[in-house]
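Open the model in your viewer and keep the selection panel handy. This tour goes from one selection to the next and says what to look for at each stop.

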Amino acid sequence: MAHRAYELVIEWDANGLQSHAGRSYNDLYSLLEFLNTNRFRQYVPCLGSQHSDFLTRLSTWLDNVQSSDDKRTLMEVVPELLFFGREEFTKLHQAALSGPVTRWIIDLLDLRFDDPNLQATLHKETHFHTWYCPVSDSMPIGDFYHVNNLGGIDHRPDFRSLHKFGDIGRVRDYMTHHENARGEPSPLNRIVLLEDFVGGGTQLEAVEFASGLSPDLPVLFVPMIICPRGVEKTRALMGRYGNLRYCPLIELSSDLFVNRNECLGNTALGQAIRQLAETTYTHVVGDNSSKPLPYTLFGFRETGALVVMYSNTPANTLALVHHESNTWRALFPRSARIR
Amino acid sequence: MYRPWGILDWVIKRSPPVLWGLLGCLGTEERSLSAWTRLRALGCLGDYRMLRIADRPSRFTQRARLRLRERMSFFRQNGGRCKFLHNYDLIDATYGEIETGIAGDLKNIGENIILDVTSMPKRFFFPALRMCLESADIHNLLVTYTAAHSYTPDKLAENCEEWAHLPLFSGTYTRQASEMLIVGVGFEGLGLQEQVDHSNPGKPIKLIFPFPSPPHSFRRAWECVRKLQKHKASDVFELYHSDYRDISDCFDRLISITDAGRKRAEFAPFGPKPISVGMCIFATITGSEVYYTQPKVYHPDYSLGVAVDDGVPAIYTYCIRLAKRDLYSIPRE
Amino acid sequence: MMDYEINPFQELYVTDTPDPNVFVQLFSNYPVQHAHALFRPGNVVLKGTQGSGKSMLLNLFRPQIRLAYHRAAVPFPVPEGLASFVGAGINLSRSGALDIGQKPIDRSADDDLRLFPLYFADFINYLIVSDLLESIAIMQETPEAFGRIVDATNLDAFASMLAKEDCWFGWLHGVSNINELRKRIDQRIGSYRTFHMSNIALEEEICRTKTAIGEPIARTAVCLRSCCVLPEGVPIFVRIDQLERLSRSDSIRPTLGSFYRQIVNKALGTRDLRVSYRIGTRQYAWEDNLVMYGSEDLLEHLRDFRTIDLNDVLSKKEDAKTWIFPAFAEDAFARRLKHAKYATYKDSDLIRVVFGPSVSPEDRAKEYCKKSSPEIVLKLESDWPEDWKAFLLNLCSQNPLGAVLAAAWARQRGTRGRPGDRLKAPPPQGAPWQKPIWRKERVQQALTQVTARAAQRMKWSGKKDIIALSSGNISIFLSICHEIWEAFLRSERHKRAHKRTDPVRDGIGGDIQAIAIHTASTFWYEKISEQRNGDDRRRFIDALGRQFRAWIVKDSAMSYPGHNGFSLDNDELNMCTWVRHFLEEAVAYGDLYSTPHTTKRKDRKHRTKWYLTPILSPVFQVPESHVKEPYYATPDNVEWWLSRAQVVFPNVRASAGIRPVRERSTGNTKSNSASPSLFDNT
């Protein structure tokens, strides 16, 4: 089928309409094409043959609403989305190790930069005596290990599952008596917990579990991307556990959200998006038969994120971006854990 | 290899316990005095010299003067001495004036130097850093860069000059043409697009894209990439992510892209300052050409406030040389 | 089968750069046909804005390009009788020449100021000789590509002979073969470069052996011929591009830039038959300094040099049949499609085949008025007589353009009478608003007013509009094609194969062209600030564009349809050097264009008309065509626009003779300059 989205663009530009940012829709569409070629096409939940490509999904997404104003607002949502691709996550994993993790280890061991053994000590501690684990199974811990050329530790359980099914004693025992491939003692002296995305912070119970293993066991929590509520909860947790440190890679500021309290820094576009999210919610939900429901119109815990990751769209993102129902087609359909 | 960097306090604590000589730049931005202020508070500031660099007269001049007064007032109130300020004209200062001035400053501030590039235009910090790297008298060298809380949504700078070498970076002469152009991607083209459009169609263009970086920045950077690719075949470009705060990351990337300097490259540092510092160090070692379109006017509110990192001012500090040992070098087989 | 992923116009400036292989396919030889003087002995100054084809032409002097033609078995576009030459040259911005003067070389500052131009001359000499030897080396490797004009047998003898020439003051002493010669020359160039990169002083020997401009190059030419490396009669062309960098760049001190320019002038002024110079420069950057270094003498046009102004060559003249640009554009267009392997069904007028004819003004007006009532379109004042209202409303429903023209006619006072007189009589039978000249002068203004009233965007499409917007600039033309093709591919990509449009057979729709042209216009508008000092110029263009639009739209009587341009008295303008300089720079960078204005005023003073470059018309929604008399402005008007644009007058730059403007009325110096110093009282 032809791209209806582009037919609309032609019509809008012919009528002299401009986006909230003052650009023509032809230019905006060209930006979306560029973003598709360079980023959006790696979106994993739509890689299957039963899914349409991004530009086709864009057309059907605009078809969700009737008025030209609403269609234009929807189109303008797309450049506001923060899309984190595979390469970005690879980079975040590298930056996590070379930045916060290394600095934390230097702090713990009180190393000095003029110490002639600095490099050797750091290498040893980073590679052999630090346990890198995901908070939840959505974090691709294997990628983290590979991109940083880390090895030597066979088990990398996600702490959310460990918290549910694990045994504190066995965990401590594993760390204390860990051996390397040659059977030599190689105790794990600290834990680094990594997570790809933290929205409202429900997975922080796993961080709490790790921090509670022992007050002498240093734990560093490194979320790649974290929302404001997640930051709040983490700081609260740090107040209770002195052995817990937190260092995010990307902390999203509140002006990047659309929810009851925020709308992209109170811009006209932000207000338009919020209004659209409100007026379309009943269509987004449809006949309630699609499960899970989108929690709220602003996503899970009313976060109102505009985040899409190459691996999936978080539930914290605005429902109109990711929810599919009998009356609503998603732009970046979410692959839900719980159905 | 780990090249230490982090927040100023943290780096100073773990570096040789010396008094540091500071060469910085007092500009219109609040963050231009962050490093100076913090070093004084830590009690490790020795001698210092601050450049003051005058833009060309513009529609911003009145506002710039106001901001400078605010900075000067703060500087004096906190014990700053005007006799350690050296004034330059942004555009008219010749290489000779810059070189002589900075050489004199470096001599006066000792052998343990902190070069604060926060508000220093590239026209000045590139030669300054080069001179530091080439000086055997400097035993310890740190570079500081204070991140901003936010940036103006308006254009950061105006009226750029033509594409030209940065002072002291016209490159070692060779008949061999460079094999690639390496561009540090920033917010704005500032004449870069013009140059990319007119570059040799077959010549690879390597884009050093700042990521991780704050989301507002990263969106603007993608827009910049899109514009750069508009009139060129897309296979000419290769994009590499580089942590916007991490000089070492950028430097290592340049080593890999150029096969440890065996492939001759030209540089165009339009991105965040740490990435530009990485390019500066690399270009100094390899004798590469560095091009830039120097703006004549900077927005007086180029940045607003100072970013905070874990509750403290985000004064990122990078160890470049420690105990006479250069941490940035190119491995030779 | 057409590839719906590839845009044949993706690479815009491919012929500005010396990638030989693509150059050969895409270079259109139309400009060559009108620039034969470029390939004949004698000095030539080639002027033009970016996109005029200047770099394209200068690239023909590169041996790499010649080689590419040979390998592709494509005839070299220079006529056979002129195609035997050797080319060499430098690019001022990349060579490092502009670094000279940035660091003191000798001990005293006074000595330096006096000597920098000599070092500049010396550096240029060595660079050019190095490039000349490089060209000889390339030509020697593939002699058949160059008509076997290079005979490498005696290269070592040549090197030895050249080294003994006294023009080098002994620098080449001991050189006995070509490799040593090249190495020694490279060493000197390298020393200059190293000096500008580090603390190392320039070698004393270099300081003592500075060469005079042009002489080493000329002696090289002589020796090449004496040793039969080159036959007699084969010209040597030396390119120096971007000469404007010397006079209007802030990278070098104004005094020095001026002296360096005079050094180049001196090279031309020798009228040396051994070597011919080819100078590439923007307009206005040539005439302002013709003094030869070390004397009061000026270069003389036609005796010392000839000029080829490409903008002039490619611009439209009174006799449209002499306009070469449409054929040039057609050729460039066809080559692009062929290179991208599009099947072309017709060999000629491809632009028209693909883009179609432009829409007639009547049809355009109907399009604009589709969603608006006649009342809105006509915007008649409430006191109009009923008969006129009825007449116009009725006419508007069938012919909105005619109705708007009629309303304007009715508002005019004519050659006698007062405004409103025509409304006292009923609408005339003969439709005087349809008289060809009267109508032709006002059609575009009428369409502008219609779009303003109907809240529509003006549209451009079709061959005629595209050629008009390109205004003789091949880069603008290609960028319009780029955007149209992008928009076209966007609309086609996801159609099923059998439903796709073949643009060469079926053409590209007008609506797609219209939005793409607007995108192209925005691109050129944004590009203004990409250029040197471009932000000030862009704000000025903003102020001007808005002013033109206001004049055109508000003039409901259409008395001034030419007020999308302004005219200035040349004498008055010459008294306001800075304003003149600003406007000239805007022309040099292609933001404005200017033409002599034959005024209708009785004083018959020499005037110049200034217009927005046509490609900016869609952004500002003003007509691109220019009719009747422009707005008669004064330098004060221009200063007003400049001040609205927040353009600040620079400090006085003595050598460029730029002074702050004097106010007409008070004679006081304008206080717009930004002195005192930024650091005063701080």
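Let's begin inside chain C, with two of its domains. Taken over C-alpha atoms, the centres of domain 2 of chain C and domain 3 of chain C are 25 Å apart. This is a predicted model, so colour by confidence if you like before you go on.

**Stop 1: the domains of chain C**

Select residues 35-320 for domain 1, 325-526 for domain 2 and 550-656 for domain 3, as the domain assignment of chain C has them. Now show the contact between the second and third: 28 residues of domain 2 of chain C meet 23 residues of domain 3 of chain C. On the domain 2 side, colour α19 (400-411), α20 (436-453), α21 (462-470) and α24 (510-527) of chain C, each of which supplies at least two residues to the side that touches domain 3 of chain C. Which of these helices gives the largest share of that side? Pick α20(C): nine residues of the side come from there.

**Stop 2: chain C as a whole**

Zoom out and switch to cartoon. Chain C holds 29 helices and nine strands. Its C-alpha trace spans about 100 × 70 × 50 Å along the principal axes. For 682 residues, a compact globule would have a radius of gyration near 26 Å, and the 29 Å of chain C agrees with that. Buried residues account for 51% of the 682. Of the contacts in chain C with a separation of 6 or more, 76% are between residues 24 or more positions apart.

**Stop 3: the open sheet**

Next, select the strands β1 to β5 of chain C. These five form an open sheet with parallel pairing, in the order β2-β3-β4-β1-β5. Which strands stand at the edges? They are β2 (86-91) and β5 (306-309) of chain C; each has a single partner strand, so one side of each has no neighbour in the sheet. From one strand to the next, the twist averages 20 degrees.

Stay at the β2 edge and add β3 (residues 236-241) of chain C. The pairing of β2(C) with this strand is parallel and runs over six bridges. For one such pair, label C:Ile90 and its bridge partner in β3(C), C:Ile240.

**Stop 4: a buried alanine**

Now select helix α10 (residues 215-226) of chain C and pick out C:Ala221 within it. Is C:Ala221 buried or exposed? It is buried, because 24 other C-beta atoms lie within 10 Å, where 20 or more is the cut-off. Beyond its neighbours within four places in sequence, C:Ala221 is in contact with C:Ile236, C:Arg274 and C:Val275. For a distance check, draw a line to C:Ala152: the two C-alpha atoms are separated by 15 Å, and the residues are 69 apart along the chain.

**Stop 5: the nonpolar cores**

In soluble globular proteins, nonpolar side chains tend to be buried together. Here, the largest nonpolar core has 346 residues, and A:Leu193, B:Leu22 and C:Phe120 touch the most other members. Select helix α6 (residues 109-141) of chain C, which gives the largest share of this core, 14 residues. Centre on C:Phe120: leaving out residues up to four places away in sequence, C:Phe120 touches C:Ala97, C:Ile100, C:Tyr260 and C:Ile263. Another core, of 25 residues, lies apart from the largest one, and its members include C:Val377, C:Ala410, C:Ala446 and C:Met458.

**Stop 6: chain A against chain B**

Show chains A and B together. Here 23 residues of chain A are in contact with 18 residues of chain B. On the chain A side, α2 (25-38), α5 (86-109) and α6 (118-128) of chain A give two or more residues each. The largest share of that side, 10 residues, comes from α5(A).

**Stop 7: chain B**

Finish with chain B alone, which has nine helices and 20 strands. Its radius of gyration, 19 Å, is close to the 20 Å that the globule rule gives for 333 residues, so chain B is as compact as a globular protein of that length. Of those 333 residues, 60% count as buried.

Colour 5-151 + 303-324 as domain 1 and 162-293 as domain 2. Between them, 15 residues of domain 1 of chain B are in contact with 18 residues of domain 2 of chain B. On the domain 1 side, α4 (95-109), α5 (122-134), β6 (140-146) and β19 (315-322) of chain B each supply at least two residues. Your last selection is α5(B), which gives the most to that side, with seven residues.

Technical notes
Residues are numbered from 1 along each chain as its sequence is written. Chains are lettered from A and ligands numbered from 1 in the order in which they are written. This is a predicted model: local features need pLDDT of at least 70, side-chain atom pairs count only at pLDDT 80 or more; totals for chains, interfaces and linings use all residues. Helices (H or I, at least four residues) and strands (E, at least two) are DSSP runs, numbered from the N terminus. The radius of gyration is taken over C-alpha atoms; the globule rule is 2.2 Å times the number of residues to the power 0.38. A residue is buried if 20 or more other C-beta atoms lie within 10 Å of its own, exposed if 12 or fewer, and partly exposed in between; C-beta atoms are placed from the backbone. Two residues are in contact if their C-beta atoms, placed from the backbone, lie within 7 Å. Two strands pair if DSSP finds at least two bridges between them. Axes are lines fitted to C-alpha atoms, for helices over the stretch in contact, and angles run from 0 to 180 degrees between N-to-C directions. A nonpolar core is a set of buried Ala, Val, Leu, Ile, Met, Phe, Trp, Tyr and Cys residues joined through C-beta atoms within 7 Å. Domain bounds come from an automatic or database domain assignment.
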